Each structure stands twice: as structure tokens, then as C-alpha cells.
Amino acid sequence: LFYKEENPETFSEMAFMIPDEGAEMWIDAMMIPRDAPNPEMAHRFIDFILDAEVGAQLSNYNYYASPNKAARPHLDEVLAKPPVLPSEADLERLQFTPTLKGEQLQVFQQLWSEVKSR
């Protein structure tokens, strides 16, 4: 959207869409390694980023969607509506990738390796 706003003529024929079959739901994740040297500071940093106003500032700066519902009132208008923020109808067609284990994970890894090698 940033580039579309900067140069509307170039991007006039471009639109965001979700296939009828659906698509993968994106997620943001912050994790603390088991052997982190300062887990307390890591928790404080995560709490800082999850603050509604701080999270909105980060999204507004990066011009990127926020997964933090509490940040929505503080987002730039373009980041708080579709296509950046999926509509309820879009959300129904989005799904999370399932966790794979055992044989399913092995098959997936094999297929992914074949895709990357071509």
C-alpha cells in the first residue's frame, strides 16, 4: 500500500486478493530461548512491544499490519482497514498452518526440499 500511495498510476491495476480456496494466516511471534542470558529483560521487551501505543507506533513506522488488537485505535487509517486488516469475510478464508509431526513432517520436508531444488 505504501508504494501504491506514493505512485498511484503505476499501481492502479494492482489489487490485493485472497484466493477463493483461502490462504495462510500470518502470525508474528516473539520467543525467548531457554538459555537466554537475561530472560527477565526479554519479557520486559515483549511487554513493551505489546503495549498498544508502542505497537501502533512500530506498525505506523514500518507501514505494516499489527496483530495487536489493542493497537488498532492508534494505527494510521490505512493500516486499520482492508486489505491490511482482513475483513470478517476474508478471515473466514484464512487458516493457520497446522503443526506437523512425525511422518507428516518428514513428507512435508521432503516435498519442500524438492520444490527448493528446482
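**Around Leu75 and helix H3**

Leaving aside residues up to four places away in sequence, Leu75 touches Ala56, Ser59, Asn60, Ser66 and Ala80. Keep in mind that this is a predicted model. Leu75 also belongs to the largest nonpolar core, a set of seven residues in which it is joined by Ala56, Ala65, Ala71, Val78, Leu79 and Val84.

Three of those names, Ala56, Ser59 and Asn60, bring us to helix H3, where they are buried along with Ala52, Val54 and Gly55. An α-helix has 3.6 residues a turn, so residues three or four places apart point the same way. What covers the buried part of H3? Helix H2, spanning 39-50, is included in that cover.

Now walk along H3 itself, which runs over 52-62. At its start, Asp51 offers a side-chain oxygen that comes within 3.1 Å of the backbone nitrogen of Glu53. Just past the other end sits Tyr63, with a positive phi of about 55 degrees, even though this residue is not a glycine. Is Tyr63 buried or partly exposed? Its relative accessible area is 24%, and buried would need a value under 20%, so Tyr63 counts as partly exposed.

Tyr63 already lies in the loop between H3 and H4, and that loop has another backbone feature to look at. Pro83 is in the loop too, ahead of helix H4 at 88-92. The peptide bond leading from Pro82 into Pro83 is cis, with omega near 5 degrees. Step on to Val84 and you're back at the largest nonpolar core, with Leu75 and Ala56 among its members.

Notes: Residues are numbered from 1 along each chain as its sequence is written. This is a predicted model: local features need pLDDT of at least 70, side-chain atom pairs count only at pLDDT 80 or more; totals for chains, interfaces and linings use all residues. Side-chain values use heavy atoms; hydrogens and water are left out. Helices (H or I, at least four residues) and strands (E, at least two) are DSSP runs, numbered from the N terminus. Buried means under 20% relative accessible area, exposed over 50%, partly exposed in between (1.4 Å probe, protein chains only). Contact means heavy atoms within 4.5 Å. A polar contact is a pair of N or O atoms within 3.5 Å; within protein, one must be able to donate a hydrogen and the other to accept it, and residues adjacent in sequence count only if both atoms are side-chain atoms. A nonpolar core is a set of buried Ala, Val, Leu, Ile, Met, Phe, Trp, Tyr and Cys residues joined through side-chain atoms within 4.5 Å.
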